[in-house]
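Let's walk through the pockets and the ligand site together, one question at a time. Take a look at the model first, and then we can dig in.

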Amino acid sequence: MQVYVYRNEEQVAQAAAMIFASQISAKPNLVLGLATGTTPIPTYQRLIAMNREGLIDFSQVRSYNLDEYVGLEPNHPASYRYFMNAQLFDHVNIDKANTHVPSGLGDVEKNAEAYDAAIEEAGGIDLQLLGIGHNGHIGFNEPNPRAFIYKTNVVTLTPSTIQANARLFEKEEDVPRQAISLGIGGIMNARRIILLATGRGKAQAVRDAVQGDITPLLPASILKAHRNVQFLLDAEAASLL
Ligand code: F6R
């Protein structure tokens, strides 16, 4: 694991976007693993700007998002499909047919199984972008006292995650209680992982992930066992290291 500390979130975004650019230029049909949330928004804005400037070509890129809420239609403004379209896909030359977000509708267990199979068929994820939850979750893999969950699965969100995500809904009761998420195995299978963390609120989770033991109580701690992972942090997120 390599840890890079930048002055602010703009510099984190610039560094992350440069990694995307170099990987896509080396392999134009790169398979990206993408995240939603507040943290990657500046990175997506940099990618949009670089695409406009002709520095990144998404025409052959394929993408698989980490997660989606159970029960939200893709056109629900709080769904992760909606977020990805609004924050990135609508503004770059990616073919929407090549973008994938797990479906939280219908038989979600079946969708989960199909999602892992689809990623495998695409050749696996080349570059996985991650954020980190305050409780150390990655994707929606919440702390679990027993085990890391390997496969894409339906997860019950913790109260702290529901609270953290309530800002995107009218009221906290509207936040779905379940989500479908790429499992820890799916994340660890990615050939390269970059985790972004910004702000003081992430400092403890970052510290525990980087310096603590590997434990399913802090899902991001497993990343220490990956051979090609970089944490890109701003000074505040790195403040407890
Ligand atoms: C999002 C995801 C989550 C977020 C995490 C941090 O697709 O899988 O793990 O990365 O909850 O969210 P923000 O960036 O909003 O603090």
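A pocket here is an open set of grid points, on a 1 Å grid over the protein atoms alone, with protein on both sides within 12 Å along at least five of seven lines. The model is a predicted one.

Q: How much space lies in the second largest pocket?
A: The volume is the space filled by probe spheres set on the grid points. For the second largest pocket, that comes to about 220 Å³.

Q: Which helix gives the largest share of the lining of the second largest pocket?
A: Of the 13 residues that line this pocket, the closest to its centre are Asp116, Ile119, Glu120, Gly186 and Asn189. Helix 4 (108–121) and helix 6 (184–188) each supply at least two lining residues. The largest share is three residues, and it comes from helix 4.

Q: How many charged residues are in the lining of the second largest pocket?
A: Sorted by class, five of its lining residues are nonpolar and five are polar. The charged ones number three.

Q: Which helix gives the most to the lining of the largest pocket?
A: About 520 Å³ of space lies in the largest pocket. It is lined by 26 residues, and the closest to its centre are Gly37, Ile132, His137, Arg167 and Lys202. With four residues, covering part of 159–165, the top contributor is helix 5.

Q: How many polar residues does the lining of the largest pocket have?
A: Eight residues of this lining are nonpolar and four are charged. The polar class has 14.

Q: Where does the ligand sit?
A: Around the ligand there are 14 residues, and Thr39, Asp67, His137, Gly139 and Lys202 come nearest. His137 and Lys202 are also among the residues closest to the centre of the largest pocket. The ligand's place is indeed the largest pocket.

Q: What share of the ligand's exposed area does the protein bury?
A: Start with the polar contacts: a ligand oxygen is 2.8 Å from a polar backbone atom of threonine 38, and a polar side-chain atom of histidine 137 lies 2.7 Å from an oxygen of the ligand. Arginine 167 joins in, with a side-chain N or O atom 2.9 Å from a ligand oxygen. Taken alone the ligand exposes 410 Å², and the share buried by the protein is 92%.

Q: How many polar residues are in the shell around the ligand?
A: This shell has three nonpolar residues and three charged ones. Its polar residues number eight.

Definitions and conventions
Residues numbered from 1 in each chain as written. Predicted model: local features only at pLDDT ≥ 70, side-chain atom pairs only at ≥ 80, totals over all residues. Heavy atoms only, no water. 1 Å grid on protein atoms, 1.4 Å probe; cavity = no way out; pocket = protein on both sides within 12 Å on 5 of 7 lines; lining within 4 Å. Nonpolar A, V, L, I, M, F, W, Y, C, P; charged D, E, K, R; others polar. Near = heavy atom within 4 Å. Polar contact = N/O pair within 3.5 Å; in protein donor to acceptor, adjacent residues only side chain to side chain. Areas by Shrake-Rupley, 256 points an atom, 1.4 Å probe, with all protein chains shown as cover. Sits in = over half its atoms within 2 Å of the grid points.
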